Amino acid sequence: MVFLTNSKQALIGFIGLGNMGAHMARNLIKKGHELVVYDVNTQSVNELAKAGAKVAESPADLASKTQNIITMLPSHPHVNEVFLAKNGILATAQKSTRCIDCSTIDIEACKRIAKLCSEKSIYFNDAPVSGGVTGAENGTLTFMVGAKKEDFEVIKPFLECMGKNIVHTGDVGHGLAAKICNNMLLGISMIGVAETMNLGLNLGLDKKVLAGILNTSSGRCWSSEVYNPVPGVVEGIPPSKNYEGGFQSGLMAKDLSLAQNASVETQSATPFGSMAYNFYKQMSNQGFFKKDFGFVYEYLRTKKD
């Protein structure tokens, strides 16, 4: 068995080959790692197989082949299924297996899985990411890692194959805490940029002129500069590709719901986070779940007060 700690070409198991995960897996291959992959979407699996990855028949099959596993899944029910089902990771995982979950899930669900892993002498750490599909493709993601310091140092070189900023946030669960806070702000700011751009264009301003002013003034933010939701302002990103292939609006609604759960548990006032959650939930329920979260601009543009 080749371990992550003693080889730059460690055998890595990767589960979850969606918009983000597929790019992350490809970057591991580019860095010289051998991969064994699993996903319910056979097309995604086949594409990685063409890139050189081996294919597992189930999470349990994958766990029987490697002691280094990364998961990148949509929500905590998917993570529970992958780890705890009859054909899940814990059914066959060997002692000292290292599991790194990059999904954005409920903090308490993460801690429950970590406890179950610990009972089997398996390491489990949360390492959710920020940077979007573009960051996943370019290998410039930020990883927010919840782990003991010594475990963080072990997995950091591995994460550096997929990201640029690898941040130790504290113990297990703290990576998710940081990610949930970040995505709450992102959801709020995207709505603010969409409202501003919509108003400006209705006032007759050119979209690129307005975006340029925002990005050299006090209104500047990531949603205005790097990921402007108006088609054609920033080329090559999902808003300029009919809002396809990006961070889905339904997943933003899910992340904002996690923030609301956390705000209730900690008695933290998050009024704008609550409004952003309700907005994205409404948009997702009206048939735009799979559209990139920048679709909020188009959604607002067609609404009239």
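Is Glu298 buried or exposed? At 17% relative accessibility, Glu298 counts as buried. That is one detail from the close-ups below, which come from a predicted model.

**View 1. Glu298 and Arg301 pair up in helix α13.** The two side chains meet in a salt bridge, with 2.8 Å from N to O. Both residues belong to helix α13 (residues 296-301), where they sit three residues apart, about one turn of the helix. Glu298 is buried because its relative accessibility of 17% falls under the 20% cut-off. Arg301, on the other hand, is partly exposed, with a relative accessible area of 40%. This pair belongs to a model whose salt bridges come to nine.

**View 2. Lys115 and Glu119 make a salt bridge in helix α5.** Here the closest N and O atoms are 2.8 Å apart. The partners are four residues apart in helix α5 (residues 107-119), again about one turn of the helix. Lys115 has 53% relative accessibility, so it counts as exposed. Glu119 also counts as exposed, at 53% relative accessibility.

**View 3. Lys254 and Asp255 form a buried salt bridge.** In this pair the closest N and O atoms lie 2.8 Å from each other. Lys254 is buried, and Asp255 is buried too. Keep an eye on both names: Asp255 turns up among the contacts of Asn183, and Lys254 is the nearest side chain of opposite charge to Asp101.

**View 4. Asp101 is buried without a salt bridge.** You'll find Asp101 in strand β5 (residues 98-101). What is the nearest side chain of opposite charge to Asp101? Lys254 is, but it is 9.2 Å away. A salt bridge needs a nitrogen and a carboxyl oxygen within 4 Å, so Asp101 and Lys254 don't make one. Setting aside residues up to four places away in sequence, Asp101 touches Thr71, Val79, Phe124, Asn125, Asp126, Ala127 and Pro128.

**View 5. Asn183 sits buried in helix α8.** Helix α8 covers residues 174-202. With just 3% relative accessibility, Asn183 counts as buried. Which residues does Asn183 contact, leaving aside its neighbours within four places in sequence? They are Phe247, Met252, Asp255 and Leu256. For a sense of scale, the C-alpha atoms of Asn183 and Ile213 are separated by 25 Å, and the two residues are 30 residues apart along the chain.

**View 6. Here is the second largest pocket, with a volume of about 230 Å³.** Its lining has 14 residues, and the closest to the pocket centre are Gly131, Gly135, Thr140, Trp222 and Val226. α6 (132-138), β8 (141-146) and β9 (163-170) each supply at least two lining residues. The largest share, three residues, comes from α6. Sorted by class, the lining has five nonpolar, eight polar and one charged residues.

**View 7. Ser96 and Tyr243 each have a positive phi without being a glycine.** For Ser96, phi is about 75 degrees, and the residue sits in the loop between α4 (76-84) and β5. Ser96 counts as partly exposed, at 39% relative accessibility. For Tyr243, phi is about 60 degrees. Its place is in the loop between α10 (222-225) and α11 (249-266). Loop residue or not, Tyr243 counts as buried, at 3% relative accessibility.

Conventions
Residues numbered from 1 in each chain as written. Predicted model: local features only at pLDDT ≥ 70, side-chain atom pairs only at ≥ 80, totals over all residues. Heavy atoms only, no water. Buried < 20%, exposed > 50% of the residue type's maximum accessible area, 1.4 Å probe, protein only. 1 Å grid on protein atoms, 1.4 Å probe; cavity = no way out; pocket = protein on both sides within 12 Å on 5 of 7 lines; lining within 4 Å. Points joined across faces, edges and corners; volume = space filled by probe spheres on them. Nonpolar A, V, L, I, M, F, W, Y, C, P; charged D, E, K, R; others polar. Lys, Arg positive; Asp, Glu negative; His and termini not counted. Contact = heavy atoms within 4.5 Å.
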